[in-house]
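Reader: I am new to this structure and would like a close look at a single part of it. Could you take me through the surface that faces the DNA, and then set it against what lies inside the protein?

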Amino acid sequence: MPELPEVEITRLGLAPELEGRSITSVILRRPDLRWPIPREIGDLLPGQRILAIRRRAKYLLIDLAPGSALLHLGMSGSLRILAQDSPVGSHDHVDIALDSGRVMRFNDPRRFGCLLWQPLGETHPLLRDLGPEPLSPAFDGDFLFERSRGRKTSVKAFLMDQSVVVGVGNIYAAETLFQAGIAPGRAAGEVSRPRYRRLAEAVKDILAHAIRCGGTTLRDFIRPDGRPGYFEQELFVYGREDEPCLTCGRILSGSRMGNRATVWCTHCQK
DNA sequence: CGTATTCCCTGCACGC
DNA sequence: TGCGTGCAGGGAATAC
């Protein structure tokens, strides 16, 4: 499930293959993913040189002269760099062919991903109301503390709210709350400033570490060169309901919060 | 406005 | 073996 580290790993793998290359053709094997693929993708991309590939939140932006292709991996999407004549498999929805003889292929079994167009000088509506990047200086414990005052929702739902801070999904919310020692069901507005400082540090530490590990591969995620990530070997709580806490040995609790599977240690997290 | 719920989609694990 | 069911989840849409 691509969260920020997986999207960043994808960007890092794509950058040397894309930047400076020209797009020779675009193949759309279906008209839509989560939303219809706008005609600009097929019409404007061929012939354009790729200026850069950037990440904002869990979105990738492929910058061209007239604008940017905006891409989201949803929860099962992956982007690979392949030889142009590689056999096409199921759920290989989009190819962007390059003048290097290679192709960037977008595979997404569950089609929660999207491929959209952002004209130069505009900000796509999906990017308008996003919170700060968690690895930027704008994000810290004081920011979380101020933003959370008066909020009755759980601290876990608050942390996963992309208008608060971007990039933290269910896996990393579970892991960062564990490292910070905060119970996920606690009301966001009742968590103290020092504890939010611990949480912000945990978010930065864990996301940065996951990027160094190549991300988390649970089912679908794969890097552009086909290798998996290795961070799942370091998960303390996610996916470990009813198993012993790796810190204290007590059995981890599980429930659903905000309709998301949630696992935590009632002894280590208060 | 904040909050909780529903829905999109496919593959897989599970139980009968 | 095969079928039905539930779950995985990012995040927009919807309902209060």
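Author: What follows begins with the surface near the DNA and then turns to the nonpolar cores and the cysteines. Please keep in mind throughout that this is a predicted model.

Around DNA strand C there are 19 residues, and of these His-72, Met-75, Tyr-238, Arg-256 and Arg-260 come nearest. On the side of the DNA, sugar and phosphate make up 54% of the atoms of strand C that come within 4 Å of the protein. Sorted by kind, the residues of this surface are 9 nonpolar, 4 polar and 6 charged.

Some individual side chains can be followed to particular atoms of the strand. Lys-58 places a polar side-chain atom 3.2 Å from a phosphate oxygen of DNA strand C, and Asn-170 likewise has a polar side-chain atom 3.4 Å from a phosphate oxygen of that strand. With Arg-110 the partner is a base nitrogen of DNA strand C, which lies 3.1 Å from a polar atom of the side chain.

Turning to the inside of the protein, the largest nonpolar core has 30 residues, and Leu-144, Leu-159, Tyr-172, Tyr-196 and Leu-199 are those with the most contacts inside it. Two or more residues of this core are given by each of helix 3 (141-148), helix 4 (155-160), helix 5 (170-180) and helix 6 (193-212), and the largest share, 8 residues, comes from helix 6. Another core, of 27 residues, lies apart from this one, and its members include Leu-33, Leu-73, Leu-79 and Val-94.

Tyr-172 deserves a separate look: leaving aside residues up to four places away in sequence, Tyr-172 touches Glu-3, Pro-5, Glu-6, Ile-206, Leu-207, Ala-210, Gly-215, Thr-216 and Phe-231.

The cysteines remain. The structure holds 0 disulfides, and for Cys-213 the nearest cysteine sulfur, that of Cys-245, is 20 Å away. Cys-213 counts as buried because its relative accessible area is 14%, which falls under the limit of 20%. Cys-268 is another case, with its sulfur 3.7 Å from the closest cysteine sulfur, that of Cys-265, and this is too far for a bond, because a disulfide requires the two sulfur atoms to be within 2.5 Å. At a relative accessibility of 22%, Cys-268 counts as partly exposed.

Notes: Residues numbered from 1 in each chain as written. Chains lettered and ligands numbered in written order. Predicted model: local features only at pLDDT ≥ 70, side-chain atom pairs only at ≥ 80, totals over all residues. Heavy atoms only, no water. Near = heavy atom within 4 Å. Polar contact = N/O pair within 3.5 Å; in protein donor to acceptor, adjacent residues only side chain to side chain. Nonpolar A, V, L, I, M, F, W, Y, C, P; charged D, E, K, R; others polar. Core = buried A, V, L, I, M, F, W, Y, C linked by side-chain atoms within 4.5 Å. Buried < 20%, exposed > 50% of the residue type's maximum accessible area, 1.4 Å probe, protein only. Helix = DSSP H or I, 4+ residues; strand = E, 2+ residues; numbered from the N terminus. Contact = heavy atoms within 4.5 Å.
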